[in-house]
Structures are given as C-alpha cells and as structure tokens.
Amino acid sequence: MTEKLYDLNSYITECDAEVLSCEKAKKNGIEGFAVSLSQTCFFPEGGGQPADIGTITAGNESVRVLYTYEQGEDIFHLCDKPLEVGIQVHAAIDFAPRFANMQIHSGEHILSGVILKEMGLHNVGFHMGHEFNTIDLDGEITPQQARELESKVNAIICENRPVFVSYPDKETLPTIPLRKKPEVEKLRVVEVKDCDWCGCCGTHVAHTGEIGLLKILDVQRYKGGTRVTFLCGAAALADCADKCQSLKNICVSLSCKPQEAFSNVEKLKAELAEKKQALAAKNRQLFSLLAKQLCENAEAFGSDKLVFLMDNTLSADDLKAFAAQIAANEKTVGALFSHQNDTISYALCRAKDADCDLRALSQHLNKTLNGKGGGNQELCCGKLPVHPEEKIHQTITEFLL
C-alpha cells in the first residue's frame, strides 16, 4: 500500500521513497512504465480532479511522471523511463498545476455548498478540464441567479475562511451536515468553515482566500438540470482580463463607452440585416435578368436545355438564389458552380416541366467527382473537390446525353 502524503497536507510537493515495482503499462492513452513507491506526494486522478505530473530522480537521472493513477491501495506513477526496483528516489510534483487544481476543487466545494443552501439544488456531477470546469445540478438556475450565487461565493473567498481535512470517527460522522453521504468505512471529509461539508478525496487550499476568484462563465440546461461552467484563480483572472481587453477593442472600434457597446452592436446588426435584405432583392433582379439571357443561349439536350455556369464570385447562398431564377424558365436544367477556399460549391436546379432526374444527376456528379450533397427534384446542393471546369461540364453532359 502506498502512503498518501498529500492526504492530510496538500502542500507537500516532494518526498523521498523506495521503488516497490516497475512494469510497462498503458493508461489513459499514455504508454510508459508504471512505478509504485513506498510513499508519494503525487495525487492520482479521481473525484473529478486530474492527476499530478512531475519528476522522480534517482541519483543524477530523472524521469518524467506523465500520469498518476490509483489501483486498489497502490498508486502508480506512469513514467517515461523505467526505474530499478529497490532503489531510493526523490519525487517532486509540478506544483503550479497542482495548486490550480486545489483552487478549482475548493472553489467548487464553496459553489456547491452555496447553491445547496440558497436553492436546495445538489451537485450531481463535477469535471475539471484544461480550459474550464463544470458542475451539473439536479435543477435549473437562471443567469441572474448564477450572478447572485457568484457574488456570495466570492464573499466567502474574501473572508479567507479555513478549510479543514479530517477522518471523523463513527461517533462524530453522523453529526456532520454532509452535502453528500457516500457509504464508505473511512470517510475523508473536507470542510469549508460555516459553508460546506463534503466527503472528498481531492487536494484543497488551506484558506479560501488562496482561491483568489471564482467566475461563472455560463449556465445552460443539461439533462433536466443545469450545467454550470466556471473558472478559479489565475485562470479566472486571465479570462476576465482577456474579455475586458476584447470589450475595450470593441469600444474603440465603435467609438463608444463599454455600457453602450451592446446597444451599438445591436444597432449595427439591424442595419446589416436591412442591407442584406436590400442586396438580396437587387440580386434577385440581377439573377432574373441574367437567367433569361443564359436560357436564351442554353445548350439543348433532348427536350431540355442546360444552363452551365462557373462563377467564383458567387457564394453558396448566391448559387441557390440564382438557381431559383433559372428554374423559373421552361424546360431548363441549371448547373451552377463556384470555386472558393479550395472547394467547389454547386447548385443544380430544374424547371417543373423539365424531364431531367435532378437527384440522379446530383448522385452522378458526387460519385464521379467524389462530391457530397443532395436535395430534391427542384434543387440539389453540395460541394466537390477542385476539378477543371471542363471536367465538371463533361460529367454533367454525360448524364444528360
């Protein structure tokens, strides 16, 4: 059994130990050598918290610990190189990511405790990620409620309340108002004074002030409840700084105050929507005129005639709008293409009285030129890899002949 030095003191960052075993292993998609030690300061992944990483040194040689995991009562350090069994080594964690995890885990306990007290909702899922962290609740909260909860959490952080870790005896445990009551023989309890009591295996700060800041980024409905996304510590501060800078850049661009940014953006969106509608109306007029000209010079194929066009100035939406105008002409089949961003977009259309099987034409085009797309007998849209215009035209005409 590995002695867990981090269990009662999350600030132990290094220790001396004996190598008990070393075997090749693959865990969590990482290949290396699973090394067990007589004691360790490395926290294994668990309870929603990522594993510690760091180094193990034997004399002048050091190996990297890429991942740490628990198996039974043993903790294994997945190393990039093997270590000799029986030797004495010095183990040291990378404390920066560990401390960030301590801030997040303690912040999560406070947030969950406040939510339970204020709203009666329980934390039913917790995940610490590389970019953000989430808790899942068994009920819904609104963005306004989240803002109020965030304020109360940060007030507790500022009060610098102590955080205790203990193993209560059988007589004491029933008297503790646990937020969660896991059924284990020996329960490790993490207490944030006058805020939260929870069974937990993770590492935590000694005082809430070390968390620095908790910022709720988002709340959204999830599986009948709410998923809360949040950050703590330096990550929360960096996120706030980045967003403040982005807001400043927007305000400079719009020549407005921060309080006016949203209304100015909404005004610009409304103006853009009006201009898009006006442009679309003009495009329809232009496409109608061009469609008539193209149909007058269209190629005849049996009882139908083909309008083939390659125009790289047209967007995918333009192709659809143009196709609608071409399809308004009798006995006409349209094949419109535009080459943009290393892809060719297409729109196939046909008049209601045309004999062409448009869906079959689309399937033939996709199969021959390795494209993707589809639709109905009036309009088919899709994309193709880049091909010469002559090759695309030949593929269309082969089907029509």
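**Residue environments and helix packing in the predicted model**

Excluding residues up to four places away in sequence, Arg98 touches Tyr6, Ser10, Ile12, Cys41, Phe42, Phe43, Asp52, Ile93 and Thr203. The structure described here is a predicted model. Arg98 belongs to helix H1, which covers residues 95-119. The relative accessibility of Arg98 is 0%, so this arginine counts as buried, the limit for that class being under 20%.

Helix packing was examined next. Two packed helices are described by the angle between their axes and the distance between the axes. For helix H3 (residues 233-254) and helix H4 (residues 261-296), the axes come within 10 Å and cross at roughly 55°. H3 is therefore oblique to H4. The crossing of these two helices, H3 and H4, is left-handed. On the H3 side the contact involves Leu247, Cys251 and Leu254, which meet Ala261, Asn264, Val265 and Leu268 of H4. By class, the residues of the contact of H3 with H4 comprise six nonpolar, one polar and no charged.

H4 also packs against helix H5 (residues 316-326), with axes that come within 8 Å and cross at roughly 55°. H4 and H5 are therefore oblique to each other, and their crossing is right-handed. From H4, the contact draws on Asn283, Arg284, Phe287, Ser288, Leu290, Ala291, Leu294 and Cys295, and from H5 on Asp318, Ala321, Phe322, Gln325 and Ile326. The residues of the contact of H4 with H5 fall into eight nonpolar, three polar and two charged. The crossing of H3 and H4 is thus left-handed, whereas that of H4 and H5 is right-handed.

The cysteines were then considered. A disulfide is a covalent bond between the sulfur atoms of two cysteines. A search of the whole structure returned zero disulfides. Cys232 is in no disulfide, and the nearest cysteine sulfur, belonging to Cys240, is 11 Å away. With a relative accessibility of 4%, Cys232 counts as buried. Cys381 is likewise in no disulfide; the nearest cysteine sulfur is that of Cys380, at 7.4 Å. Because a disulfide requires sulfur atoms within 2.5 Å, the 7.4 Å between the sulfurs of Cys381 and Cys380 does not qualify. Cys381 is partly exposed, its relative accessible area being 22%.

Cys356 is located in the loop between strand E19 (343-350) and helix H6 (358-369). This loop residue, Cys356, is buried, with a relative accessible area of 6%. Leaving aside neighbours within four places in sequence, Cys356 is in contact with Asp304, Val333, Arg350, Leu361, Gln377, Phe399 and Leu400. Cys356 and Ile176 are 180 residues apart along the chain, and their C-alpha atoms are separated by 77 Å.

Backbone geometry was noted at two asparagines. Asn160 has a positive phi of about 55° although it is not a glycine. Asn160 occupies the loop between helix H2 (143-158) and strand E11 (163-166), and at 38% relative accessibility Asn160 counts as partly exposed. Asn341, also not a glycine, has a positive phi of about 55°. The loop that holds Asn341 runs between strand E18 (332-340) and E19. Asn341 is exposed, with a relative accessible area of 72%.

Notes:
Residues are numbered from 1 along each chain as its sequence is written. This is a predicted model: local features need pLDDT of at least 70, side-chain atom pairs count only at pLDDT 80 or more; totals for chains, interfaces and linings use all residues. Side-chain values use heavy atoms; hydrogens and water are left out. Axes are lines fitted to C-alpha atoms, for helices over the stretch in contact, and angles run from 0 to 180 degrees between N-to-C directions. Helices (H or I, at least four residues) and strands (E, at least two) are DSSP runs, numbered from the N terminus. Angles under 35 degrees count as roughly parallel, over 145 as roughly antiparallel, 65 to 115 as roughly perpendicular and the rest as oblique. A crossing is left-handed if the near helix is turned anticlockwise from the far one by less than a right angle, and right-handed if clockwise. Contact means heavy atoms within 4.5 Å. Ala, Val, Leu, Ile, Met, Phe, Trp, Tyr, Cys and Pro count as nonpolar, Asp, Glu, Lys and Arg as charged, and the others, Gly among them, as polar. Buried means under 20% relative accessible area, exposed over 50%, partly exposed in between (1.4 Å probe, protein chains only).
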